[in-house]
Amino acid sequence: MAKWYLESKWRNLVDMHIPDWNDTFLSRFDPQAYADHLAASRADCAIIYAGNCLGYCFWPSKAGHMHRGLLGRDIVSETVKACQAKGMRTIVYFNIWNRVEFDRHPDWRMRYIDGRDTTVNLDGSRNRYGICCLNHPDFRAFIRSQADDLASLVACDGFWIDMIGWNGTICYCPSCRKRYYDEAGCEIPETVNWYDPEWVRFQRRREAWFTDFTQIVDQAIRARQPEATIAYQCGTSLGGWIGAASQSFLDLSDYLAGDFDSNALSCSTICKILSGASRNKPVEFMTARCTSLADHTTIKSYQQFRQNVGVALSRNCAFCFIDAIDPVGTMNRRFYDQMGQLQREMKVYMDDVVPEATLLRDVTIYYNLESGVDVSMNGKPIADFSNTIWGGSIGTQLPRLRNMAKGLIASHLAFDIACWNTRQDMLSESQVIVVPNQLM
């Protein structure tokens, strides 16, 4: 496998979550202009959209719905080749969420325990995201065919797979009920209880199903492009037990990557968690150009972005900045010129990002995903955790880790965060080991 990520420090992703109900949407997308903008930003790696969270494909897909505004053009291959001509590494981005197939196949839908699907919140309000279940046999076959088609499209350095997993949903659809009964010999439990072996067994099955589904994508892509890397969105691993991410899932990524938008303390803590959990380094720290993911027009100040870059580089991480395309398919050149200026300023620090380096530390905090639980929830019905597709951050350890990080920084104590797969090397090199409420 080509380890391109060892040298890449300045990456870009352009969000293209644009539907096709308006004929002008993406009608002005220009692959050459796209590559020119990235060249102005001095990006060394382009993460290029092949499909978005609504299920629209940006190439003539044999399995899936192609975006109407593209009029049959394969802009994925065109953009990959335009960026390669500029000397950039190219990563093809694909999103597992699919509102198109969700609408076409009601039996594929994730279902809350009360029968709602993911477009209906507990209070009756609506959202745009329709999520299909990882356990439905036809959806699994569909995803396999999409991944195969995508990997056959164009030669690239890697693939970036987004919105994979349960995404905060505890699914009680017929497919999940059947699979659990076939494997466990009983019905899915309906009450949270971390002292009940049956409840814990169900959680472990959710984790195994997540990894199993990811392997479908993994095997299909690697069969076509064995030299390409694959990174899976790992953000749900920080959201507690409800996301059901496990170390076995994280180990399927050649390097860990996720998009985050928070203050410097949170970003620093997240970078250390990802570095501790990743089987290869550097990990990829991603953040949006906007003040929040809900606001795609207000750009962060130069100073805010400089702080984001500084946090990532000082934690030995690669930096990826996320833009959002205008619905018609155009981009803001001024922003890319600004990012080029910032790259020139920060390059002296980028040169010091060394993947094999180890952060010096006095203290190591030990973190494992299985302990992202909260025993105060014992006895509560599942319906209490079925508010939205995000599920909240139920049982997340991040606030605890962030508070410990704040205290250690205030005391001028160097620290790092070890995970299950890095515990032996990291724990042996520290004077103090902190094991914070690791219940599992």
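V375 counts as partly exposed, with a relative accessibility of 32%. In this predicted model, V375 lies in the loop between β13 (363-366) and α11 (398-410). Together with Y195, L439 and M440, V375 makes a nonpolar surface patch of about 410 Å². The points below turn to the patch, to the surroundings of D74, and to the salt bridges, of which the count comes to 27.

**Nonpolar surface patch**

- The patch of about 410 Å² is made by Y195, V375, L439 and M440.
- V375 can belong to such a patch because its relative accessibility is 32%, and patch residues need over 30% relative accessible area and no salt bridge.

**Surroundings of D74**

- D74 is placed in the loop that runs between β4 (65-66) and α2 (75-85).
- Although D74 is buried, no salt bridge is found for this residue. The nearest side chain of opposite charge belongs to K81, at a distance of 6.7 Å; D74 and K81 do not form a salt bridge because that requires a nitrogen-to-oxygen approach within 4 Å.
- The D74 side chain instead has polar partners in sequence positions that follow: it reaches the backbone nitrogen of V76 at 3.2 Å, and it makes a polar contact of 2.5 Å with the side chain of S77.
- Apart from neighbours within four places in sequence, the residues in contact with D74 are F58, W59, P60 and L153.

**Salt bridges with stated exposure**

- R73 pairs with E78 in a salt bridge whose closest N and O atoms are 3.0 Å apart. R73 is partly exposed at a relative accessible area of 30%, and E78 is partly exposed at 33%.
- R109 and D117 form a salt bridge with 3.2 Å between the closest N and O atoms. Both of these residues, R109 and D117, are buried.
- D148 and R224 meet through their side chains in a salt bridge of 2.7 Å, N to O. This pair links distant parts of the chain, with D148 in helix α4 (residues 137-151) and R224 in helix α6 (residues 197-224), 76 residues apart. D148 counts as partly exposed at 28% relative accessibility, while R224 is partly exposed with a relative accessible area of 47%.

**Salt-bridge network**

- R140, R179, E183, R205 and D212 are joined into one network by salt bridges that share partners.

Notes
Residues numbered from 1 in each chain as written. Predicted model: local features only at pLDDT ≥ 70, side-chain atom pairs only at ≥ 80, totals over all residues. Heavy atoms only, no water. Helix = DSSP H or I, 4+ residues; strand = E, 2+ residues; numbered from the N terminus. Buried < 20%, exposed > 50% of the residue type's maximum accessible area, 1.4 Å probe, protein only. Lys, Arg positive; Asp, Glu negative; His and termini not counted. Polar contact = N/O pair within 3.5 Å; in protein donor to acceptor, adjacent residues only side chain to side chain. Contact = heavy atoms within 4.5 Å. Patch = residues over 30% accessible without salt bridge, like charges linked within 9 Å, V, L, I, M, F, W, Y side chains within 5 Å. Areas by Shrake-Rupley, 256 points an atom, 1.4 Å probe, with all protein chains shown as cover.
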